[in-house]
Amino acid sequence: LSQDVKITLKMSQNLHASTMPYVLGAHLGHATDKIDQKGFMLEHDFLAKAGLDLSGASQADGAGGAVAAFYTPDFVVHYLDFMAKHPQFQMFRDSLPVLGKDGTLVDIQKDSPGAGHVFAKTGTFSDHDLLNGGHTILTGKGLAGYTTTPDGRHLAFAFYINNVELPDDSSVSGMAGQALGELASALYALPLGAPDGK
């Protein structure tokens, strides 16, 4: 499972993500009917036991492409905070793409201060506005993960871009991905002061 998680997160492999509710439902839930629903019930129970406010979360498929796939930034940051204290955190963090170095972030902000210091998952949903010439409408793109600032602050973050029309000559990963990567790099480099607030 740790290798599957790495493929899912680092490469954003939607097939692996889509099958995970079925794997959970069949393997952990021992379901033989409505297997994906059982997987989501197990996920719900895991998140609820973690003390997370599930009013900020909605999901209908493993990959997040369903119409009902919504997570507030507040929910995501609280989830990341929970995972930072989880026994499997190191495996989880190591499975995330690294800004400017590998995975879906290999070409994002390669020469920025945050390159190599931001561990984060991408997420993208877009469509074409055929009524107005086929422009790309970026319904949602997010970047969420961790960084440790030079002054020792361990930070979790979630940045989203929603409902933006992109120029014909730009790619979703180009313009929006670089903008999100720039925010993450700025967060890494931001002089916040010592962890004790001084």
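**Entry 1: strands side by side**

Two strands count as paired when DSSP finds at least two bridges between them. I keep that rule at hand for this entry, and I note at the start that the model I am reading is predicted.

I began with β3, which covers residues 118-129. I found it joined to β4 by 12 bridges, with the two strands running antiparallel. To get my bearings on this pairing, I picked A120 and saw that G145 in β4 stands opposite. The hairpin of β3 and β4 has 5 residues between the strands. In that hairpin I noted G133, whose phi is positive, near 90°.

Next I followed β4 to its pairing with β5. β4 spans 135-148 and β5 spans 154-166. These strands are antiparallel too, and their pairing has 12 bridges. Here my marker is I137, which has E165 in β5 opposite. The hairpin of β4 and β5 also has 5 residues between its strands, and G152 there takes a positive phi near 95°.

I then stopped at L143, a residue of strand β4. Is L143 buried or exposed? It is buried, because its relative accessible area is 3%, and the cut-off for buried is under 20%. I also checked L143 against A120: the two are 23 residues apart in sequence, yet 6.2 Å apart from C-alpha to C-alpha.

**Entry 2: a pocket**

I turned to the second largest pocket and wrote down a volume of about 250 Å³. Which residues lie nearest its centre? I listed F89, Y146, T147, T148 and H154, out of a lining of 15 residues.

Sorting that lining by class, I got 7 nonpolar, 5 polar and 3 charged residues. I also asked which elements supply at least two lining residues each. My list holds two helices, α4 (73-84) and α5 (89-94), and two strands, β4 and β5.

While I was at α4, I looked up V77, which lies in that helix. V77 counts as partly exposed because its relative accessibility is 27%, between the 20% and 50% limits. The C-alpha atoms of V77 and G145 are 8.1 Å apart, although 68 residues separate them along the chain.

**Entry 3: aromatic rings**

My count of aromatic pairs in the structure is 6. I chose F46 and F82 for a closer look: their ring centres are 5.6 Å apart and their planes meet at 75°, so I filed the pair as edge-to-face, a label that needs an angle over 60 degrees. This pair links distant parts of the chain, with F46 in helix α3 (residues 35-49) and F82 in helix α4, 36 residues apart.

I checked how open each partner is. F46 counts as partly exposed because its relative accessibility is 35%. F82 is also partly exposed, with a relative accessible area of 23%.

I then noted one aromatic cluster, formed by Y79, F89, F92 and Y146. Two of its names, F89 and Y146, were already in my pocket notes among the residues nearest the centre.

One more ring went into the notebook, that of F119. The charged end of R93 sits over this ring, 3.8 Å from the ring centre.

**Entry 4: positive phi away from glycine**

Why did I look for positive phi values outside glycine? Because most residues other than glycine have a negative phi, a positive one is worth a note.

I recorded S12, with phi near 55°. S12 lies in the loop between α1 (2-10) and α2 (14-28). It is partly exposed, given a relative accessible area of 24%.

I recorded N163 as well, again with a positive phi near 55°. N163 has its place in strand β5. Is N163 buried or exposed? It counts as exposed because its relative accessibility is 60%, and the cut-off is over 50%.

**Entry 5: a loop residue**

To finish, I looked up Q109, which I found in the loop between α5 and β3. Q109 counts as buried because its relative accessibility is 17%. I paired Q109 with H27 for a distance check: their C-alpha atoms are separated by 39 Å, and the two residues are 82 apart along the chain.

Definitions and conventions. Residues are numbered from 1 along each chain as its sequence is written. This is a predicted model: local features need pLDDT of at least 70, side-chain atom pairs count only at pLDDT 80 or more; totals for chains, interfaces and linings use all residues. Side-chain values use heavy atoms; hydrogens and water are left out. On a 1 Å grid over the protein atoms alone, a cavity is a set of points where a 1.4 Å probe fits but cannot get out, and a pocket is an open set with protein on both sides within 12 Å along at least five of seven lines; lining residues have an atom within 4 Å of a point. Grid points are joined across faces, edges and corners, and a volume is the space filled by probe spheres set on the points. Helices (H or I, at least four residues) and strands (E, at least two) are DSSP runs, numbered from the N terminus. Ala, Val, Leu, Ile, Met, Phe, Trp, Tyr, Cys and Pro count as nonpolar, Asp, Glu, Lys and Arg as charged, and the others, Gly among them, as polar. Rings of Phe, Tyr and Trp (its six-membered ring) pair if their centres lie within 6.5 Å; planes under 30 degrees apart count as stacked, over 60 as edge-to-face and the rest as tilted. Buried means under 20% relative accessible area, exposed over 50%, partly exposed in between (1.4 Å probe, protein chains only). A charge sits over a ring if NZ of Lys or CZ of Arg is within 6 Å of the ring centre and within 35 degrees of the ring normal.
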